[in-house]
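Reader: I would like a close look at a single part of this model, taken slowly and with the terms spelled out.

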Amino acid sequence: MKTGKEAPIIDYDAYRDTIGTVDEDGHRKWVYPRKPKGRMHTYRAIVAVILLIGLFVGPFLRINGEPMFLFNLLERKFIILGLTFWPQDFHLFALALITFMVFIILFTVAFGRVWCGWACPQTIFMEMVFRKIEYLIEGDAPKQRKLSRQAWDAEKISKRSLKYTLFALISFLIGNLVMAYVVGTEELSKIITEGPAENMGNFTFVLIFSGIFFFVFAYLREQACIAICPYGRLQGVLLDKDSIVVAYDNVRGEPRDLFRKNEDRQEANKGDCINCSLCVQVCPTGIDIRNGTQLECVNCTACIDACDDVMDKVGFKRGLIRFASMNNIALGKKFKYTPKMIAYTVVLIGLMAFLSFSLSTRSDVEATILRAKGTFYTMPNDSTVSNLYNLQIVNKTQKDFPLTIKVMNLENGVVKMVGKELQVTARDITKRPFFVELPPGSLDGMKTKIVLGVFSGDKKLDEVKTTFLGPM
Ligand code: SF4
Ligand code: SF4
């Protein structure tokens, strides 16, 4: 172990000239990461199991009979933690999304890409499910490489068939899971109870999603994080020298050189990195963390485990690769809350307060009343002028209730519903036409402003302003 040594000059930008997963001819280099193992991997596996259980149980959880989560894009109905959001609540939904984004940004500024390595469904499924199956069937990286090179003999055909069959089955399971979040478990179960032919729309989407997942996990893999994920592309602007990321301690590690038993590395002017390249071999995105922080790094910590294992074996202190900021490594600075983080925190607290206020004051019932298109006024008799309106009422509550409408600002106004008494269904949109009748004497010429109150019993739920047409 050496101390008091100056940081060597490393060209941190050299790695930008090439992409780890593309060769000089522009062809994709398939990544065969070595099987990760170690302390961090165990923690990650525990987190992954908890998250996977949550993800698969999520669509079955109910609050007051409603799903806990539903993201029905087709009907534009979203349920988050049992709260139903209709298109009328879009501003709240957008606000919740912005708040979540700011939270992710703040988290990224402070702790780098922890989300990617520990919580992102893409990484969890890829590294903790699909990759595990691959290791189980094809063995560790050297065996996988050998299998890929060998001819299509019985061994290769049987191993690959088994692997891709399992991949297809799991992709189908994930396809169903996604649909359960989109249409709900009841709708999804109809595919089984009534058959795919009766539910062709949903079944087609399950197959499309399954196909996409199979393609992503069998072929696209790390490219989804490296080249497609927009969050990954944001790292360049979010991270700074105080962000804590998976980092190689170049001050301690350089100059890297092979390990020789009983050698005094300080005297030999050698750093603690023994250039074994195991940190590179375990990397699922095919990068060398010793080149510095890179956009491809998903903070999976496999290189931390690999290097710690090497350090244990050669008798050096662990942590040559660890969670640290650039300032921590180069200047020995401890983590501190930077002005950038404070600014994001203030914005986040403001957004959360505004969101909480908006949610707590959100109306349970929203009425829209419009005069029927293309209609004028009618006079059923000499003492009555009548206008036709359309009512649309969104009931966000969990209960049905009767509804009445009253003219609030004019005496003698009468409201007549078309059809029987209006009953508003829970968690649904109810539409109904109705007539408003007024005596000619109470009108202000051709156009009279009226205020209609929407009531459930004696309780006023909403008030809508509109116009009433009458004779000159
Ligand atoms: S695993 Fe550690 S010692 Fe080996 S090359 Fe990587 S940083 Fe150096
Ligand atoms: S550099 Fe390390 S933490 Fe980053 S993706 Fe590779 S193995 Fe994971």
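Which residues of the largest nonpolar core touch the most other members?

Author: This is a predicted model, in which local features need pLDDT of at least 70 and side-chain atom pairs count only at pLDDT 80 or more, while totals for chains, interfaces and linings use all residues. Residues are numbered from 1 along each chain as its sequence is written, and chains are lettered from A and ligands numbered from 1 in the order in which they are written.

The largest nonpolar core has 45 residues, and those that touch the most other members are Val246, Cys279, Ile289, Cys303, Cys307 and Ile321. A nonpolar core here is a set of buried Ala, Val, Leu, Ile, Met, Phe, Trp, Tyr and Cys residues joined through C-beta atoms within 7 Å, where buried means that 20 or more other C-beta atoms lie within 10 Å of a residue's own, exposed means 12 or fewer, and partly exposed lies in between, with C-beta atoms placed from the backbone. At least two residues of this core come from each of H1, H4, H6 (154–183), H8 (200–220), H9 (223–228), strand E6 (245–248) and H13 (302–314); helices (H or I, at least four residues) and strands (E, at least two) are DSSP runs numbered from the N terminus.

Leaving aside residues up to four places away in sequence, Cys303 touches Val246, Cys279, Val282, Cys283, Ile289 and Ile321, contact being defined by C-beta atoms, placed from the backbone, within 7 Å. A second, separate core has 15 residues, among them Val385, Ile405, Val424 and Val454.

Several of these names return around the ligands. Cys303 is one of the closest residues to ligand 2, together with Cys283, Ile289, Cys297 and Cys300, in a surround of 14 residues; a residue counts as near if its C-beta atom, placed from the backbone, lies within 6 Å. That shell divides into eleven nonpolar, three polar and no charged residues, with Ala, Val, Leu, Ile, Met, Phe, Trp, Tyr, Cys and Pro counted as nonpolar, Asp, Glu, Lys and Arg as charged, and the others, Gly among them, as polar.

Around ligand 1 there are 16 residues, of which Cys273, Cys276, Leu278, Cys279 and Cys307 come nearest. Helix H12 (278–281) and H13 each supply at least two residues of this shell, and H13 gives the most, with three. By class, the shell around ligand 1 has eleven nonpolar, three polar and two charged residues.

Conventions: Two residues are in contact if their C-beta atoms, placed from the backbone, lie within 7 Å.
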